[in-house]
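Subject: Structure for your files

Dear colleague,

Here is the structure I said I would pass on. Please look it over before you read my notes underneath.

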Amino acid sequence: MYDAGKIIIGLIIFLAFATFPFYSNMGKAVAKPDPKLNTPVIQQMKVKQCVESKKFMRAKHMQLLINWRNAALRRGERLYKGSDGRITEISLQNQCLRCHSNKRNFCDECHNYVAVNPYCWDCHFYAPKEANNEH
Amino acid sequence: MGALLSFFVVIVLVLIALAGVQGAGLYVLFGTIIPYAAVATFILGVILRVIKWSRSPVPFHIPTTCGQEKSLPWIKYSKLESPSGTLGVIGRMALEVLLFRSLFRNLKPELRDDDGPRLVYSSNQWLWLGGLAFHWSMLIVILRHLRFFTQPVPFFVTIIDSLDGFLQIGAPHLLLTGVILLLAVTYLFLRRLFNPPVRYISLPSDYLPLFLIMGIATTGILMRYFFRVDIIHVKELTLGLATLNPEIPAGIGVIFYIHLFLISSLFAYFPFSKLMHMGGVFLSPTRNLANNSRIKRHVNPWNYPVKVHTYEEYEDEFREKMKDAGIPVEKE
Amino acid sequence: MAKPTKPTKPPKPEELVKIDYNPPEKPWMEVPVEFKPGTFCYGTRPKYLEEIGFPNPREWSPLDDDWKLPADWKDTVLKGIGERLKKNRAFHLFMDICVRCGACADKCHFFIGSGDPKNMPVLRAELMRSVYRKYFTTGGKLFGNLAGARELTSDVFKEWWYYYYQCTECRRCSVFCPFGIDTAEITMMARELFNLLGCNTDWIAGPVANCYRKGNHLGLEPHTITSNIEFLVDDIEEITGIKVEPTFNRKGAEILFVTPSGDLFGDPGTYTCMGYLMLFHELGLDYTWSTYASEGGNFGFFTSMEMAKRLNYKIYAEAKRLGVKWILGGECGHMWRVVHQYMDTWNGPADFLEEPVSPITGTKFENAKTTKMVHIAEFTADLIKHGKLKLDPSRNDHLKVTYHDSCNTSRGMGILEEPRYIINKSCNHFHEMHEDTIREKTFCCGSGTGLNAGENMELRMRGGLARANAVQHVRDKNGVNMLANICAIDRATLSTLMQYWVPDVGVSGIHELLGNALVMKGEKERETDLRLEPLPGKEDEDV
């Protein structure tokens with residue numbers, strides 16, 4: 001007794017699982033995320049500089065935001081001293097979103113790409129100046 | 001000895017990746033060529049191994065019955081432990097594969113000598129728990145990683161990810177399965193090291209996958225929570241692999257390449273190792289056959305005629321004695 | 001010499017029970033095998049191999065340095081392994097997929113009783129896997145020892161012999177293995193390899209040769225079988241006043257009855273046999289015994305699949321010659337593993353027989369549809385359920401009974417409830433042993449698969465420790481004095497085991513208990529049980 005049929009079915013299932021990433025993307029042109037920095041506020045800035053360096057923000061913005069939340073809401077601290085000594089106000093609404101008023105073309109661009117669903121918007125209200133009715 | 005050796009092997013693997021990427025800058029080798037080769041080895045290797053097994057027939061019907069057989073209609077039989085048909089077998093296999101039924105039975109006998117020898121049995125489900133935690137978290141971790149290999153990311157991956165991080169500790173969210181995986185694999189390793197009989201039976205090849213997985217989980221956790229690689233670039237690389245458009249974005253930390261190289265090593269090692277129990281468990285004739293061998297004839301493809309001692313030969317030898325004893329004979 | 005050592009007496013129980021479970025410092029591959037007296041069987045005498053046409057018959061002893069193997073023995077073994085890997089998926093798979101999790105380690109009765117790490121099922125299997133890796137896997141060829149591989153040497157071969165004759169193929173390990181790895185399968189293959197080189201044990205090869213030529217393990221010739229049964233018939237008449245009239249080799253009978261020859265010779269098996277005879281007589285069953293197929297057991301099964309098939313052939317052949325409708329099988333353990341899982345595959349299809357139907361109740365035994373052989377416990381349980389038997393369980397009131405599931409019937413067949421049903425209907429006092437020592441978790445008697453010799457008594461007593469200990473517990477707790485079972489080997493070996501560990505517990509088959517309780521038409525008032533011992537309340541009347 002060989003049970004060849006059952007084994008072949010099993011192998012097909014294995015193949016289906018093991019090669020899922022290959023065939024599920026087949027023929028799809030995947031656009032790379034391209035977060036836009038072209039909001040009016042940023043364009044008017046002379047020195048286009050966030051509260052920390054670009055490298056820092058790319059890798060660690062989520063930690064910074066959590067720290068800000070904890071500082072502002074739990075300790076009532078409203079000022080942040082950056083690594084270059086600049087003091088900025090701690091506020092998602094008034095600080096981050098002032099420049100990055102394009103959530104859809106900025107935040108979501110990368111978050112969607114890596115399937116991250118941050119819970120910022122569970123509390124914060126995003127009032128888009130752009131046509132954006134996601135939230 | 002075996003543990004040290006395997007530990008050393010994994011350290012060397014880490015150093016190879018470190019030297020290759022940071023030292024020699026062999027990004028394409030470590031980011032594209034080796035992962036592809038490893039995946040190909042894994043898929044082909046597993047299939048070839050299963051085919052090799054499947055070319056050996058199951059000559060005899062040998063389920064291990066762990067419950068009452070189906071016999072008389074008024075006797076309740078054990079549908080899952082001694083299944084009489086395909087449905088029961090599927091149930092039995094599902095319990096085995098998904099919940100480690102057999103391991104759950106584990107007992108620990110202990111010989112006490114108070115007032116004469118006494119064997120005492122206690123249930124011992126730590127191995128079951130550790131094994132189950134390990135395998136399930138491994139599966140979930142693998143499924144979670146599909147977010148690096150698909151675009152758009154399928155809904156089930158997103159759901160798994162948000163469930164896994166439901167505690168919402170820190171940012172990015174702490175994913176429980178990663179921690180459970182590391183704890184479980186550590187438990188399995190410590191058990192191997194400190195349980196004397198288990199240490200005695202352990203081979204280097206028993207420690208190697210443990211260390212590899214420990215290395216993979218550790219680098220993964222470091223990368224996510226501590227060293228912070230640029231996840232967007234990572235996905236560009238991984239998605240490039242999945243869409244067969246490999247590319248090497250600049251600026252991904254070396255720890256990612258170590259992670260990837262250890263995974264590649266595990267994949268490539270898989271088909272040649274005991275890890276093939278993943279496929280093997282499905283083929284195990286003591287589990288995947290119904291207990292119906294008196295109901296349905298099991299055919300052995302290599303059954304061959306054998307030399308037998310026929311009744312005629314027997315009667316020829318004992319005819320007189322049989323006649324004297326009043327036993328009927330064929331030839332008077 | 002065939003018998004190099006005198007049978008050594010096992011140490012006293014209180015000595016034997018001092019067991020060290022800690023593995024030695026040295027890795028197991030570096031610990032050489034030591035043939036301890038009392039733990040192994042004699043090598044087979046040449047005449048037995050000659051009778052069945054097996055290779056390399058010669059005088060030899062396991063203690064000899066030179067086992068007188070043919071010059072190309074190594075090739076034979078390796079070729080033999082290769083062939084078996086290709087012929088048997090279970091063997092191939094079980095060589096590959098063990099993860100050495102150790103769940104099986106303390107499940108083996110020989111490990112529990114000896115503490116010898118090579119009696120852990122995983123290590124017993126590794127003895128062979130290590131050689132498999134060396135010659136059949138890339139990793140083993142490349143990395144040798146590091147990959148857990150080792151050369152096949154004559155010491156390794158001897159180590160195999162020692163330890164694969166310390167496995168009773170009881171399958172308890174396979175119940176606990178997450179992949180169902182069954183050491184029995186590996187032991188079977190190992191023993192096949194030994195038999196390619198004439199290295200069977202004397203105690204297995206003898207019964208095989210007997211059975212091949214004379215029809216049963218004990219070598220009872222036809223007239224001895226009838227006279228043995230006559231003897232039992234006389235006892236039955238003395239006890240019940242009824243003369244039962246069994247027939248032999250009778251053509252045209254409806255049913256052929258096959259039971260292990262142990263039931264015909266030596267108590268307590270003979271009491272079980274009396275139970276069968278009384279039951280069949282009471283039912284007026286149209287059945288016959290056969291002197292040609294006079295063995296239900298199959299020591300060929302402990303030799304090689306081929307030899308097992310050669311012996312098993314007789315059952316169907318005789319059923320066909322006699323023209324019976326179906327076959328009824330007596331109480332036996334490995335016999336039923338063979339009948340249930342192998343017989344039809346080897347020697348079927350039995351299309352000359354009919355689907356078994358009980359002539360008394362009309363019950364169709366649908367679970368024996370193709371093999372056409374019914375277990376007597378199934379048959380009897382059905383009778384009792386249909387009220388066809390008048391039973392007086394008070395006749396067993398002097399017995400406090402517990403029940404030992406035999407390895408093969410529990411883990412290789414699954415007949416668990418029928419025997420218990422019969423016992424409960426025949427006895428008033430029944431107590432189960434601890435749940436971790438019965439049913440699918442039952443412990444071997446320690447002497448199965450042809451290890452029931454005399455010269456390896458220490459091994460047997462060690463192997464039986466777990467079983468005996470569970471009996472001792474119910475003896476102490478419930479006053480149990482009778483260990484019932486459905487296996488001929490058990491009836492012989494458990495008796496010895498009980499004498500050693502739990503001296504005041506007897507051993508019986510369940511049809512002995514049934515025979516005691518069975519109220520037969522026209523019987524005289526019974527004074528004694530089937531052992532000719534006075535029944536409860538009748539003790540005084542003799543005085």
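Below are my notes on a sheet in chain C and on the contact between two of the chains.

Please keep in mind that this is a predicted model.

The sheet in chain C

Chain C holds an open sheet of 4 strands with parallel pairing, and their order across the sheet is 2-1-3-4. Strand 2 (287–289) and strand 4 (373–375) of chain C each have a single partner strand, so they form the edges and one side of each has no neighbour in the sheet. On average, neighbouring strands of this sheet are turned by 30 degrees against each other, direction ignored.

Strand 1 (residues 255–258) and strand 3 (residues 326–329) of chain C run parallel and are joined by 4 bridges. Leu256(C) has Ile327(C), in strand 3 of chain C, as its bridge partner.

Two helices to look at lie across these strands. Helix 14 (residues 305–322) of chain C lies across strand 1, strand 2 and strand 3 of chain C, and its direction is at about 150 degrees to strand 1 of chain C. Helix 16 (residues 376–385) of chain C lies across strand 3 and strand 4 of chain C, at about 65 degrees to strand 4 of chain C.

The contact between chains A and B

Chain A gives 29 residues to this contact and chain B gives 33 residues. On the side of chain A that touches chain B, two or more residues come from each of helix 1 (4–18), helix 2 (20–24), helix 4 (54–74) and helix 6 (107–113) of chain A. Helix 4 of chain A has the largest share of that side, with 7 residues. By class, the side of chain A that touches chain B consists of 20 nonpolar, 5 polar and 4 charged residues.

Regards

Notes: Residues are numbered from 1 along each chain as its sequence is written. Chains are lettered from A and ligands numbered from 1 in the order in which they are written. This is a predicted model: local features need pLDDT of at least 70, side-chain atom pairs count only at pLDDT 80 or more; totals for chains, interfaces and linings use all residues. Two strands pair if DSSP finds at least two bridges between them. Axes are lines fitted to C-alpha atoms, for helices over the stretch in contact, and angles run from 0 to 180 degrees between N-to-C directions. Two residues are in contact if their C-beta atoms, placed from the backbone, lie within 7 Å. Ala, Val, Leu, Ile, Met, Phe, Trp, Tyr, Cys and Pro count as nonpolar, Asp, Glu, Lys and Arg as charged, and the others, Gly among them, as polar.
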